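Please load the model in a viewer and keep a selection panel at hand. The stops below proceed from the backbone to individual side chains.

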Amino acid sequence: MIIEHFKNENPLPVYRRFRDQGRLAPERLIYISSWVDQKMHRCYQLMETDDPTLIEQWIANWNDIVEFEVYEVVTSKEAAERVAPLL
């Protein structure tokens with residue numbers, strides 16, 4: 001899960017670059033879905049990869065106009081399976 005904070009709370013540079021150049025993600029970094037907050041200050045993206053360095057490469061294409069938080073997540077089902085033996 002990646003939380004993008006649009007610098008200066010300005011989505012326009014992000015949407016311009018996306019319009020002109022696309023997602024700029026390396027191959028094998030798979031976009032799943034995204035959501036943008038109502039104020040258009042933040043984007044929450046779900047991406048998938050088996051190589052964390054691909055996320056770093058993708059961030060390098062955007063970090064001049066976006067600040068990033070990256071969280072490794074699992075599905076709720078996977079989380080339940082992990083804790084089940086401890087219950």
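In what order do the four strands form the open sheet, and is the pairing parallel or antiparallel? The structure shown is a predicted model. Display it as a cartoon: the four strands form an open sheet in the order 2-3-1-4, with antiparallel pairing. Select residues 30–36 and 66–70 to see the edge strands, strand 2 and strand 4, each of which pairs on one side only. From one strand to the next, the twist averages 25°.

**Stop 1: strands 2 and 3**

Select residues 42–48, which make up strand 3. Strand 3 runs antiparallel to strand 2, and six bridges join the two. One position to mark is serine 33, whose bridge partner in strand 3 is leucine 46.

Next, add residues 52–60, which form helix 2. Helix 2 packs on the sheet, where it touches strand 1 (2–6), strand 3 and strand 4. The direction of helix 2 makes about 165° with that of strand 4.

**Stop 2: valine 36**

Select valine 36, in strand 2. Valine 36 has a relative accessible area of 32% and is therefore partly exposed. Apart from neighbours within four places in sequence, valine 36 is in contact with Phe6, Tyr15, Arg42 and Cys43. For a sense of scale, draw a distance from the C-alpha atom of valine 36 to that of alanine 84: the separation is 33 Å, for residues 48 apart along the chain.

**Stop 3: aromatic pairs**

The structure holds two aromatic pairs. Select phenylalanine 6 and tyrosine 15, both of which are among the contacts of valine 36. The rings of phenylalanine 6 and tyrosine 15 are arranged edge-to-face, 6.4 Å centre to centre, with 75° between the planes. Phenylalanine 6 is buried, at a relative accessible area of 4%, whereas tyrosine 15 is partly exposed, at 40%.

Now select tryptophan 58 and phenylalanine 68. Why does this pair count as edge-to-face? The ring centres lie 5.5 Å apart and the planes of tryptophan 58 and phenylalanine 68 meet at 65°; the angle qualifies because planes over 60 degrees apart are classed as edge-to-face. The pair links distant parts of the chain, with tryptophan 58 in helix 2 and phenylalanine 68 in strand 4, ten residues apart. Both tryptophan 58 and phenylalanine 68 are buried.

**Stop 4: charges over rings**

Select arginine 17 and tryptophan 62. The charged end of arginine 17 sits over the ring of tryptophan 62, 5.4 Å from the ring centre. Then move to arginine 23 and tyrosine 31, where the charged end of arginine 23 sits over the tyrosine ring, 3.6 Å from its centre.

**Stop 5: salt bridges**

Side chains of opposite charge can pair when their charged atoms come close. How many salt bridges does a search of the whole structure find? The search finds six; three of the pairs are visited here.

Select aspartate 50 and arginine 28, whose side chains meet in a salt bridge at 3.3 Å, N to O. Aspartate 50 lies in the loop between strand 3 and helix 2, and arginine 28 in the loop between helix 1 (12–21) and strand 2, so the pair ties together parts that are 22 residues apart in sequence. Aspartate 50 is exposed, at 66% relative accessibility, and arginine 28 is partly exposed, at 48%. Add Asp51 to the selection: Arg28, Asp50 and Asp51 are linked in a network of salt bridges.

Select aspartate 37 and arginine 42 next. Their side chains form a salt bridge at 3.0 Å, N to O. Is aspartate 37 buried or exposed? Aspartate 37 counts as buried, with 16% relative accessibility, because the cut-off for buried is under 20%. Its partner, arginine 42, counts as partly exposed at 30%, and arginine 42 is also one of the contacts of valine 36.

Finally, select lysine 77 and glutamate 81, which meet in a salt bridge at 3.5 Å, N to O. Lysine 77 and glutamate 81 are four residues apart in helix 3 (residues 76–83), and about one helical turn therefore separates them. Lysine 77 is exposed, at 62% relative accessibility, while glutamate 81 is partly exposed, at 49%.

Note on methods: Residues numbered from 1 in each chain as written. Predicted model: local features only at pLDDT ≥ 70, side-chain atom pairs only at ≥ 80, totals over all residues. Heavy atoms only, no water. Pairing = 2+ DSSP bridges. Axes fitted to C-alpha atoms, helices over the stretch in contact; angles between N-to-C directions. Contact = heavy atoms within 4.5 Å. Salt bridge = Lys/Arg side-chain N within 4 Å of Asp/Glu carboxyl O. Buried < 20%, exposed > 50% of the residue type's maximum accessible area, 1.4 Å probe, protein only. Phe/Tyr/Trp six-rings, centres within 6.5 Å; stacked < 30°, edge-to-face > 60°. Lys NZ or Arg CZ within 6 Å of the ring centre and 35° of its normal.
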